[in-house]
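Please look over this model and its sequence. This report covers a pocket, a nonpolar core and one helix.

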Amino acid sequence: MASGDDDDHEHHHQHGSELSETQLRVRALETVLTEKGYIEPAAMDAIVEAYETKIGPRNGAAVIAKAWADPAFKKALLDNATQAVASMGYLSGVSDYLVAVENTPKRHNMIVCTLCSCYPWELLGLPPTWYKSAPYRSRTVKDPRSVLADFGVTLPSDTEIRVWDSTAETRFIVLPMRPAGTEGWSTERLADLVTRNSMIGTGLALNPGEKP
């Protein structure tokens, strides 16, 4: 389900946002191990951050880079993202349907999960904390431009913003615009320009020479 900047947005999930029994047990175990000095919270946070921002999104970056470099694959990705990513060996860990939405100069796409945190983790890694937060989930639907501004992204006033609501059955990935000056680049070099946020829609792909 998508909405424009001012469209009403309503979506019903078949599952809530409460922690599962397994998640509660994991948190309890982490607390006990931390209190006994077996694990260091800062080290755990660093590992989680690595999976959120570096290790996890590499799969998605490879998909985006191939779409930029191969017009046939780009068409296949936009036609049926589930099959396209499977052809690269990236299989979903859940029974979901993946949809790729393309950013253009006239349209910018953003992904949200309004009632929980459904997320294409097999391509983007662990969902960032802010993606699961209530302010992001509500404000992205009501005022996406201000959310983008919070992430340092300012778009022209005539650029439409569409918000896509993920579900347990359907996940989304944004195909960001290819940066200028990358003609003839290998997919490996192109992948270095793809960030996790650009595949969620809260960021843009990096320009050549730009650091994350």
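The second largest pocket has a volume of about 500 Å³. The model is a predicted one. In total, 23 residues line this pocket, and those closest to its centre are Asp192, Val194, Thr195, Arg196 and Leu206. Four helices, α2 (41-55), α3, α10 (187-191) and α11, each give at least two residues to the lining. The table splits the lining by class.

| Class in the lining of the second largest pocket | Residues |
|---|---|
| Nonpolar | 11 residues |
| Polar | 7 residues |
| Charged | 5 residues |

Next comes the core. In soluble globular proteins, nonpolar side chains tend to be buried together. Here the largest nonpolar core holds 46 residues, and Trp68, Leu77 and Ile173 have the most contacts inside it. Helix α3 (residues 58-69) supplies the largest share of this core, 6 residues.

What does Trp68 touch, leaving aside its neighbours within four places in sequence? Trp68 contacts Leu175, Pro176, Met177, Arg178 and Pro179. Its other partners are Leu190, Leu193, Val194 and Ala205. Val194 is also among the residues closest to the centre of the second largest pocket.

Last, helix α8. This helix spans residues 134-142, and its buried residues are Tyr136, Arg137, Thr140 and Val141. Viewed down the helix axis, they fall within an arc of 115°, so they line one face of α8. What do these buried residues pack against? Their partners are the strands β3 (107-112) and β4 (160-165), together with the helices α7 (129-132), α9 (144-150) and α11 (196-200). Helix α11 also supplies at least two residues of the pocket lining.

Terms used
Residues numbered from 1 in each chain as written. Predicted model: local features only at pLDDT ≥ 70, side-chain atom pairs only at ≥ 80, totals over all residues. Heavy atoms only, no water. Buried < 20%, exposed > 50% of the residue type's maximum accessible area, 1.4 Å probe, protein only. Arc of directions from axis to C-beta. Contact = heavy atoms within 4.5 Å. Core = buried A, V, L, I, M, F, W, Y, C linked by side-chain atoms within 4.5 Å. 1 Å grid on protein atoms, 1.4 Å probe; cavity = no way out; pocket = protein on both sides within 12 Å on 5 of 7 lines; lining within 4 Å. Points joined across faces, edges and corners; volume = space filled by probe spheres on them. Nonpolar A, V, L, I, M, F, W, Y, C, P; charged D, E, K, R; others polar.
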